[in-house]
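Here's an informal walk through one model, meant to be read with the viewer open. Have a look at the structure first, then we'll go through some of its details.

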Amino acid sequence: MKTILQLNSQDNIALALDDLVTGEQVNNTGAAPLTILQPIAKMHKVAVAPIVKGAAIKKYGQVIGFAAENILPGAHVHTHNCSMGAVDKNYDFCRNAQPTAYFSAQEMRYFQGYKRSNGAVGTRNFIGILTTVNCSATVAKQVAQYFSASVMQAWPNVDGVVALTHSSGCGMRTEDEGYATLQRTFEGFMRQPNFGGLILIGLGCETMQIKNVLADAGLCENNTVAAFDIQAVGGTRKAIEQGIRLVESILPQVNQCVRTQVPASELIIGLQCGGSDAFSGITANPALGIASDLIVRLGGTVFLSETPEIYGAEHLLTQRAQSPEVAEKLLARIRWWEDYTQRNGFELDNNPSPGNKQGGLTTILEKSLGAQTKGGATNLVDVCLYAEAPKTRGLIFMDSPGYDPVSVTGQVASGANVICFTTGRGSAFGCKPVPSIKLSSNTAIYQRMQEDIDLDCGPVIDGAISLEAMGGAIVDKILAIASGEYAKSEDLGYGDMEFNPWKIGAVL
């Protein structure tokens, strides 16, 4: 007899762990066998009790939606009979906040990282070519292309030369929120510790001026930082030649950087989930949450982000906020998003994606309740804007869209030196200069995409490994990759195209 999984005693649905057929009897732990009324795909929801029209549908002991019709036990519960509705949330600021049990000095763990002159620690040693405007993208790409794998063999301590291009930087007001967001993103990437050297290339007449970017980042040109405008050096071909000369002048200094032992407290982890399914919230995400707690207990920093994908679960974060002020900062961002989506003609519950729904997720409430588990159980110590540098260590919420490339770009700008990315459907992603570790929620997708996924969290579902042990394995993998082991996405060459700053406001 197949088994279905009821996650909480208050739930009136359970998860199908296998494909189920009409008339099949299944075992629901602690209850009488249940007869399936219609075909139900693996990972989808089955009613375990009668649910009358308009009644709350519960998963994780929380409301994920409301019955659009009467639902019988054994029936499939999904988009055809479960809809969104207003949910009363108990924000109860700081109710679950507890002192963090930090590890002792004797329990500290270490990795091999790059110590930078400003005190930050990198996990990679790239030379970055940043473009202030789309108009300098072609020059930047051609400069980077010159430094092929064969050329870079002469510089074994340099991970590569990467051009990060984008489609903005002009046609915008310098006083608005969109400009400030892009400005913070540039500042953050220029301070990003995974860059040993930087070249900044502009056109010359754009809104986002090079001199302002340097000044705002507190940087000046030196033996590892250089900048120029295409117009000032005499056009495209001369700019490409100039860029190549500058990278060649920087390479010897960057190649002198070597890895040294540093404590795990120097880790800044960006948490992401993409292509989620119904298993994400019970395998990969909570396992990553346990790893997040371990990193925080080691004195490190963890960024939880993707504001639209904690919408509906934000009360679980305010309940463990370190202070009422932190809780209110999170709710202020939720209110900003409600206004932002309204004025742009869509709603925050315009989610999950088609792939999420195929994987058994029905509403944004259900998706968010599973997504927020990436943040573990330690206190929420602060909330920061997109690409804003953290002011403290611990679990921090960084405001961002749910679109993964945009969200990760903000986390990297905020200083993340490792990204941990859970997936149920199989996301293809990397983000130079920061390694991105992929964690699968189910073994089927891991077996199908082994070249893309670093760790399989699927065995949690059948008890082959505990969540605690899986969380420990994730920390081991983080430390190994932070020390130089390549993530699968790095082996595949991902990361050059994923620089995607958040664009807010009108393009003029």
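How many disulfides does the structure hold? Zero. Keep in mind that this is a predicted model.

**Cysteines**

Two of the cysteines show what that looks like up close. A disulfide needs two cysteine sulfur atoms within 2.5 Å. For Cys82, the closest cysteine sulfur belongs to Cys273 and sits 19 Å away, so that pair is too far apart for a bond. For Cys220, the closest cysteine sulfur is in Cys257, at 17 Å, which is again too far for a bond. The surroundings of these two cysteines can be compared too: Cys82 has a relative accessible area of 6%, so it is buried, whereas Cys220 comes in at 52% and is therefore exposed.

Another cysteine, Cys94, is worth a look for its backbone. Cys94 sits in the loop between strand E9 (82-83) and strand E10 (110-115).

**Backbone oddities**

Here are some backbone angles to check in your viewer.

| Site | Feature | Angle |
|---|---|---|
| Cys94 | positive phi, not a glycine | about 70 degrees |
| Ala387 | positive phi, not a glycine | near 70 degrees |
| Lys432 to Pro433 | cis peptide bond, omega | near 15 degrees |

Ala387 is in the loop between strand E19 (380-384) and strand E20 (394-398). Is Ala387 buried or exposed? Its relative accessibility is 1%, so it counts as buried. As for the cis peptide bond, its Pro433 falls in the loop between strand E21 (418-423) and strand E22 (436-440).

**A helix pair**

Now for helices H1 (residues 137-146) and H6 (residues 236-255). They pack against each other at an angle of about 45 degrees, and their axes are 9 Å apart. That angle is why H1 is described as oblique to H6. The crossing of H1 past H6 is right-handed.

Which residues make the contact? From H1, you'll find Val139, Gln142, Val143 and Tyr146. H6 brings in Thr236, Ala239, Ile240, Gly243, Ile244, Val247 and Glu248. Sorted by character, the contact residues of H1 and H6 come out as seven nonpolar, three polar and one charged.

**Two buried residues**

Start with Phe303, which lies in strand E18 (residues 301-304). Its relative accessibility is 0%, so Phe303 counts as buried. What does Phe303 touch, if you ignore neighbours within four places in sequence? One run of partners is Ile268, Ile269, Gly270 and Leu271. Further along the chain, Phe303 is also in contact with Cys384, Pro390, Ile396, Met398, Gln411, Ser414 and Ala416. There's a long-range pairing to measure in the viewer as well: Phe303 and Lys374 are 71 residues apart in sequence, yet their C-alpha atoms are 9.7 Å apart in space.

Then there's Thr207, in the loop between strand E14 (195-202) and helix H4 (210-216). At 18% relative accessibility, Thr207 also counts as buried, because the cut-off is under 20%. Leaving out residues up to four places away in sequence, Thr207 touches Gly169, Cys170, Gly171, Met172, Thr174 and Tyr179.

Notes:
Residues are numbered from 1 along each chain as its sequence is written. This is a predicted model: local features need pLDDT of at least 70, side-chain atom pairs count only at pLDDT 80 or more; totals for chains, interfaces and linings use all residues. Side-chain values use heavy atoms; hydrogens and water are left out. Axes are lines fitted to C-alpha atoms, for helices over the stretch in contact, and angles run from 0 to 180 degrees between N-to-C directions. Helices (H or I, at least four residues) and strands (E, at least two) are DSSP runs, numbered from the N terminus. Angles under 35 degrees count as roughly parallel, over 145 as roughly antiparallel, 65 to 115 as roughly perpendicular and the rest as oblique. A crossing is left-handed if the near helix is turned anticlockwise from the far one by less than a right angle, and right-handed if clockwise. Contact means heavy atoms within 4.5 Å. Ala, Val, Leu, Ile, Met, Phe, Trp, Tyr, Cys and Pro count as nonpolar, Asp, Glu, Lys and Arg as charged, and the others, Gly among them, as polar. Buried means under 20% relative accessible area, exposed over 50%, partly exposed in between (1.4 Å probe, protein chains only).
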